[in-house]
Amino acid sequence: MFPWTEVQGLEYPEKGYWAQLLLPYDEHVPVMAVGARDGERAVEAMTAFRDLQGRYAPHE
């Protein structure tokens, strides 16, 4: 588990199969629950993540 103060985003790497959680110092963690082949479900998961990040992450 990572605190919102550490989470910088969620993205799909080029040619990646899974989304990755972006952390400080160029670290990332694969999020295997959000797969590129999941189509609309992956889009919904990314949208839900961005909503949560907007609500809970500290604003600069």
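Y25 is found in the loop between β2 and β3 (27-35), where strands are DSSP runs of E with at least two residues and helices are runs of H or I with at least four, numbered from the N terminus. Its phi is near 60°, a positive value in a residue other than glycine. Y25 is exposed, with a relative accessible area of 76%; exposed means over 50%, buried under 20%, and partly exposed in between, with a 1.4 Å probe and protein chains only.

I should state that this is a predicted model, in which local features need pLDDT of at least 70, side-chain atom pairs count only at pLDDT 80 or more, and totals for chains, interfaces and linings use all residues. Residues are numbered from 1 along each chain as its sequence is written, and side-chain values use heavy atoms, with hydrogens and water left out.

Most residues other than glycine have a negative phi. K15 also has a positive phi, of about 65°, although it is not a glycine. K15 lies in the loop between β1 (9-11) and β2 and is exposed, at 78% relative accessible area.

Let us turn to the interior. The largest nonpolar core, a set of buried Ala, Val, Leu, Ile, Met, Phe, Trp, Tyr and Cys residues joined through side-chain atoms within 4.5 Å, has nine residues: V7, L10, A19, L21, L23, V34, A42, M46 and F49. Two or more of these residues come from each of β2 (18-23) and α1 (40-56).

Beyond four places in sequence, A42 touches Y12, V34 and G35, contact meaning heavy atoms within 4.5 Å.

Finally, Q53 lies in helix α1 and is buried, with a relative accessible area of 18%. Leaving aside neighbours within four places in sequence, Q53 contacts W4, V7, Q8 and G9.
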